[in-house]
Amino acid sequence: MPELPVATLMGILGALAGLVIGFVARRLKFCTLSSIESALYGNNWVQARSWGLAIAVAILSTHLLDHYGFIQIGESFHLSPRIAIAGPIVGGIMFGMGMAAVGTCGFGAVLRSAGGDMRAAMVLITVAVFGYMTMRGIIGVMRMAVIEPFTIPLEEGYDASFAALTAQFLGGEIADFRLVTAIVISLLIAVWCLKDRKFRSNPAAVAGGTIVGLIVAFGWFSTGYIGADDFDPQPLRSLGFVSPSAESLVYLMTFTGATIEFGIGATFGTVAGGFLAAISRRQFRLEAFDDPREMLRHLIGAAMMGIGGVTAIGCTVGQGLSGVSTLAIPSFVALASIIVGAIIGLKLLMHGGLIMSVRTFLHGE
C-alpha cells in the first residue's frame, strides 16, 4: 500500500476529532452563548461549569502530553515571544457581540447547519468569507496596521504563558513550571465546577465537558506527535472554527490545488458529527430566516464574528479551549473579551439594538 501523506493523515485525524466533538456537543447542547445566557438571565451555571470543566481537562491533559515529551507546547503559535493586547480585546469583544446577534458562535453555527438550519449555514459561509478577508484580504491590511503594533515584546527565552510569567517571577526555566502551573490552574477551575451540587448531579454536563477537553488534547497530540514528520512537519494546532472554516471554504473551491490539514478535517468532521446527532434525536429539519430584518442581523453578526475571530486569533473554541489549554495569557484575555462582548450584545438586543440603546441612555429612560 502507498504511504499515506502526512497532511492527509492530519485531515483524517481532524475529521475523527470533529466527528466526536460534533456529536457530543449537539447531543449534550454544549454551547458557549447558551451557557452565558443561562448564567446571566436564569442564574443557571450548569452549562458554564461544563465549559469550565472542559477548560480544566484540556489544560491538564495538554500539559501532561507536553511534560512526557509527546508534544512541544512551546511551539504553538499561541505561545509567541510577545503578548498581544489589542487583538484579543478588540477582536474578542467584536466576536462576542456578533455571537449575540447571531445566537451562537462559529462552533455552534457548524452544529446548527448540520441539523438543517439554513440560517446557520449562511452564517457559517459569511464567517468564513470575512474570516479569510481578515486573514489574507483587504481587511487583513487594516488589521495588521491597527492591531498588530499593540503588542508587548518579551525577554529572550520567555513566551506568553502563565508558566513563563511564574518562571520570570520566581526565577528558573519555563519547562520547570509548565506542569505545576497547569495543575494548579486546572484544579482551581475544576473545584469551582464540581463544588456545585446541581452540576455534579448532571452526568451529561460532566461527561460533555470532560470529553470536549480530551478532544482538545487529542488535537495537540495529532498535530504535535503524529504530525511531527521529519520531511513534512505539520503546524502544532488543535481545534478552532473561524480560520478553519475559511480554510475549508477555500479548500472546497480550490480542491485540485489545495492541501487538506487538521483544521479542515475537523470542520468537516464536526458537520458530520452534528448531523448524526440530529438524526439520532430526530431533530433534523430545514429552517430559514423569518424576515429580511432577521437575515440582516445574522449577516452583520456573522461578519463581526469572522473579523473578530481572526483579529482575536481564535474563537470560543480556538482561543477559549485550545488557546487557553496552552495557558497563553492572550487566550485568557480573548476569552474574557468574548464573554464581555456577548453580554454587551445580549443587553443591546434586549433594548432593541444599538440605536435604541443610545436613545434610551441619552433620554434617561
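In this predicted model, helices α1 and α11 run roughly antiparallel to each other, since the angle between them, about 170°, lies over the 145 degrees that marks this class. Helix α1 spans residues 6–28 and helix α11 spans residues 203–226, and their axes lie 10 Å apart. On the α1 side, the contact is built from Leu9, Met10, Leu13, Ala17, Val20, Ile21, Val24 and Leu28. Helix α11 answers with Ala204, Gly208, Ile211, Val212, Ile215, Phe218, Ser222, Thr223 and Ile226. Sorted by class, this contact comprises 14 nonpolar and three polar residues, with no charged residue taking part.

Aromatic rings offer a second way into the structure. A search of the whole model returns ten aromatic pairs. One of them joins Trp45 and Trp192 in an edge-to-face arrangement, with 6.2 Å from centre to centre and 90° between the planes. This pair bridges distant parts of the chain, as its two members are 147 residues apart. Trp45 sits in the loop between α2 (32–41) and α3 (46–67), whereas Trp192 belongs to helix α9 (residues 175–194). Trp45 has a relative accessibility of 38% and so counts as partly exposed. Trp192 is likewise partly exposed, at 32% relative accessible area. The ring of Trp192 has a further partner: the charged end of Arg49 sits over it, 4.4 Å from the ring centre.

Another edge-to-face pair brings the story back to helix α11. Here Phe70 and Tyr225 meet with their ring centres 5.5 Å apart and their planes at 70°. Phe70 is found in the loop between α3 and β1 (82–84), while Tyr225 is part of helix α11, and 155 residues separate the two in the chain. Both rings are partly reachable from outside: Phe70 is partly exposed, with a relative accessible area of 35%, and Tyr225 is also partly exposed, at 45%. Together with Phe221, these two residues form one aromatic cluster.

A glycine completes the picture. Gly115 lies in the loop between α5 (106–114) and α6 (118–136). With a relative accessible area of 4%, Gly115 is under the 20% limit and therefore counts as buried. Beyond its neighbours within four places in sequence, Gly115 is in contact with Arg26, Ala278, Gln283, Phe284 and Arg285. Ile12, by comparison, is 103 residues from Gly115 in sequence, and the C-alpha atoms of the two are 22 Å apart in space.

Definitions and conventions. Residues numbered from 1 in each chain as written. Predicted model: local features only at pLDDT ≥ 70, side-chain atom pairs only at ≥ 80, totals over all residues. Heavy atoms only, no water. Axes fitted to C-alpha atoms, helices over the stretch in contact; angles between N-to-C directions. Helix = DSSP H or I, 4+ residues; strand = E, 2+ residues; numbered from the N terminus. Parallel < 35°, antiparallel > 145°, perpendicular 65-115°, else oblique. Contact = heavy atoms within 4.5 Å. Nonpolar A, V, L, I, M, F, W, Y, C, P; charged D, E, K, R; others polar. Phe/Tyr/Trp six-rings, centres within 6.5 Å; stacked < 30°, edge-to-face > 60°. Buried < 20%, exposed > 50% of the residue type's maximum accessible area, 1.4 Å probe, protein only. Lys NZ or Arg CZ within 6 Å of the ring centre and 35° of its normal.
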